[in-house]
Amino acid sequence: MVLKRNPKEEGRNDGGGSGHETIAVAPSVRVVTPYDTVTSQAAIEAAPDHRTCFKLDWNECTVDPSPRVREAIREWVCSGRGLNWYPRLGSSRLARAVADYTGLDTTQLLVTSGSDAALRLICSTYLDGDDHVVVPVPTYHHFMIFARSRGARLETVCGASAFEPCLEAIEGAMTSQTRLVYLVSPNNPTGVIYPPEWVAQLCRDYPNSLVVLDEAYYEFARMTGIGFVGEVTNLVVTRTFSKAFGLAGLRVGYLAGATPVIEGLGRLYNPKSVNAVAQVGAAAALEDLDYLVSFLAEVEASKDLIRDFFASRDGVELRVTPANFVVLRVEDVASTIDELGQRGVYVRDRSHYPGMEGCLRMSVGTRTQTRRLLRRVDDVFR
Ligand SMILES: *Cc1c(COP(=O)(O)O)cnc(C)c1O
């Protein structure tokens with residue numbers, strides 16, 4: 001039995017990687033450009049002192065998840081159970097834990113591989129060519145890739161300020177034919193919040209439109225529309241374990257919606273898509289909410305340290321968001337990011353987003369980390 005490739009055949013019949021697409025992608029995908037994957041990960045891993053770098057560019061949690069996560073995963077792997085088996089279908093045990101956490105019924109929930117997979121599932125199930133989709137911008141870009149790949153017609157709307165919720169502009173763009181509207185609350189990267197009561201009213205006013213409420217940062221803001229999924233039938237809320245729970249590497253999220261929406265999504269939902277280790281880890285994180293609460297308190301306290309620090313720095317306009325990141329508007333964004341990078345501090349350039357000229361986004365961590373960070377960047381911001 002020869003499973004290894006014959007080296008003589010190397011280079012022949014290569015299939016991909018040559019840079020030439022021999023088989024054209026589907027027409028709806030031709031208009032899609034890949035997600036901007038600028039990340040500091042490689043730079044940090046290559047740095048000799050990588051442990052002291054600050055990875056603040058992807059809104060990740062800045063500390064390890066609850067120790068119970070590691071313990072539960074270790075125990076599960078060492079028990080010799082089921083790596084050769086498919087994971088629990090529908091993440092049934094984790095789904096029950098999410099039901100407890102959200103106060104919903106498991107029939108109103110689907111567990112997904114990160115909330116990205118939830119957003120993609122929503123687009124695949126509910127969007128088709130030329131569907132009208134309303135998206136207030138600037139916002140999380142990945143959704144737009146999923147929507148465009150379905151051939152949907154995206155109408156982006158923008159208020160006078162990127163940092164105020166543009167409720168009238170959204171209402172102005174909606175029609176009875178609008179298929180879907182995508183709202184992120186608190187929004188990434190602006191921190192804008194859409195009041196849950198307003199979102200529920202939008203659902204009632206536009207019963208033909210699916211309202212997608214992305215609550216990736218819910219735990220930080222503690223404001224949610226999830227309770228309305230029992231009341232209106234056209235709301236879907238997505239959430240994630242990647243941010244407040246510190247499990248970005250495991251890829252777990254979930255969505256909540258009225259039972260008919262969940263049934264619709266069930267047509268394409270892959271019940272074995274969340275891997276077994278991720279299911280075990282996320283369930284363990286939900287068993288240690290004290291750990292979550294203490295991290296949330298750290299982030300809030302750090303925001304005060306950041307406010308104090310920037311109060312006296314004239315060249316910087318600071319926006320503290322209800323999520324785990326702040327936005328800084330600086331005079332020269334490229335050189336600021338460069339100077340931060342030289343000090344091992346990695347942030348995200350958001351200056352090309354509408355209404356965010358000169359802006360960069362920076363994650364917020366614990367007080368100890370923040371004190372160390374602010375000492376490190378003291379001479380960058382004068
Ligand atoms: C980070 C982020 C996501 C992605 O979350 P995953 O669960 O890691 O896929 C989704 N939406 C928003 C607004 C985000 O900022």
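**Exercise 1. Helix α5**

Task: In this predicted model, state which residues of α5 are buried, and check the length of helix α5 against its expected span.

Solution. Step 1: the buried residues of α5 are Gly 114, Ser 115, Asp 116, Ala 118, Leu 119, Leu 121, Ile 122, Cys 123 and Tyr 126. Buried here means a relative accessible area under 20%.
Step 2: helix α5 covers residues 114-126, which is 13 residues. The expected span is 1.5 Å times one less than the number of residues, and for α5 this gives 18 Å.
Step 3: the end C-alpha atoms of α5 are 19 Å apart, which agrees with the expected value.

**Exercise 2. The sheet and its strand β8**

Task: Give the strand order of the open sheet, identify its edge strands, and determine how β8 is paired with β2 and with β7.

Solution. Step 1: the open sheet has 7 strands, and their order is β2-β8-β7-β6-β5-β3-β4, with mixed pairing.
Step 2: β2 (109-112) and β4 (153-157) each pair on one side only, which makes them the edge strands. From one strand to the next, the twist averages 20°.
Step 3: β8 pairs with β2 in the antiparallel sense over 4 bridges. Leu 109 has Ala 256 of β8 as its bridge partner, and Leu 110 stands opposite Leu 255 in β8.
Step 4: β7 and β8 also run antiparallel, joined by 5 bridges. Here Thr 240 has Gly 253 of β8 as its bridge partner.

Task: Decide whether β8 is enclosed or open to the outside, looking at both faces.

Solution. Step 1: in a regular strand, side chains alternate between the two faces of the sheet.
Step 2: on one side of β8 are Gly 253, Leu 255 and Gly 257, and on the other are Tyr 254 and Ala 256; all are buried, and both faces are covered.
Step 3: since 5 of the 5 residues of β8 are buried, the strand is largely enclosed by the rest of the structure.

**Exercise 3. Unusual backbone geometry**

Task: Locate the cis peptide bonds at Pro 138 and Pro 186, and the positive phi values at Arg 222 and Arg 251.

Solution. Step 1: most residues other than glycine have a negative phi, and most peptide bonds are trans.
Step 2: Val 137 and Pro 138 are joined by a cis peptide bond with omega of about 0°. Pro 138 belongs to the loop between β3 (132-136) and α6 (142-148).
Step 3: the bond from Ser 185 to Pro 186 is likewise cis, and its omega is near -5°. Pro 186 belongs to the loop between β5 (180-184) and α8 (196-205).
Step 4: Arg 222 is not a glycine, yet has a positive phi of about 50°. It sits in the loop between α9 (218-221) and β7 (235-240). With a relative accessible area of 53%, Arg 222 is exposed.
Step 5: Arg 251, also not a glycine, has a positive phi of about 65°. The loop that holds Arg 251 runs between β7 and β8 (253-257). Its relative accessible area of 33% makes Arg 251 partly exposed.

**Exercise 4. Enclosed and open space**

Task: State how many cavities of 30 Å³ or more the structure holds, then describe the largest cavity and the second largest cavity.

Solution. Step 1: there are 3 cavities of 30 Å³ or more.
Step 2: the largest cavity contains about 80 Å³ of space. Its lining includes Cys 61, Asp 64, Ala 244, Phe 245, Asp 288, Tyr 291 and Phe 295. Helix α12 (residues 289-311) gives the largest share of this lining, 3 residues. By class, the lining of the largest cavity has 8 nonpolar, 2 polar and 2 charged residues.
Step 3: the second largest cavity contains about 60 Å³. Of its 14 lining residues, Val 137, Ala 162, Glu 164, Cys 166 and Tyr 194 lie nearest its centre. This lining divides into 9 nonpolar, 4 polar and 1 charged. Val 137, listed there, also takes part in the cis bond to Pro 138.

Task: Describe the second largest pocket by volume, lining and residue class.

Solution. Step 1: the space in the second largest pocket is about 600 Å³.
Step 2: 20 residues line the second largest pocket, and those nearest its centre are Trp 76, Arg 81, Arg 88, Arg 93 and Val 280. The elements giving two or more residues to this lining are α3 (67-78), α4 (92-102) and α11 (276-286).
Step 3: the lining of the second largest pocket counts 10 nonpolar, 3 polar and 7 charged residues.

Terms used: Residues are numbered from 1 along each chain as its sequence is written. This is a predicted model: local features need pLDDT of at least 70, side-chain atom pairs count only at pLDDT 80 or more; totals for chains, interfaces and linings use all residues. Side-chain values use heavy atoms; hydrogens and water are left out. Buried means under 20% relative accessible area, exposed over 50%, partly exposed in between (1.4 Å probe, protein chains only). On a 1 Å grid over the protein atoms alone, a cavity is a set of points where a 1.4 Å probe fits but cannot get out, and a pocket is an open set with protein on both sides within 12 Å along at least five of seven lines; lining residues have an atom within 4 Å of a point. Grid points are joined across faces, edges and corners, and a volume is the space filled by probe spheres set on the points. Ala, Val, Leu, Ile, Met, Phe, Trp, Tyr, Cys and Pro count as nonpolar, Asp, Glu, Lys and Arg as charged, and the others, Gly among them, as polar. Two strands pair if DSSP finds at least two bridges between them. Axes are lines fitted to C-alpha atoms, for helices over the stretch in contact, and angles run from 0 to 180 degrees between N-to-C directions.
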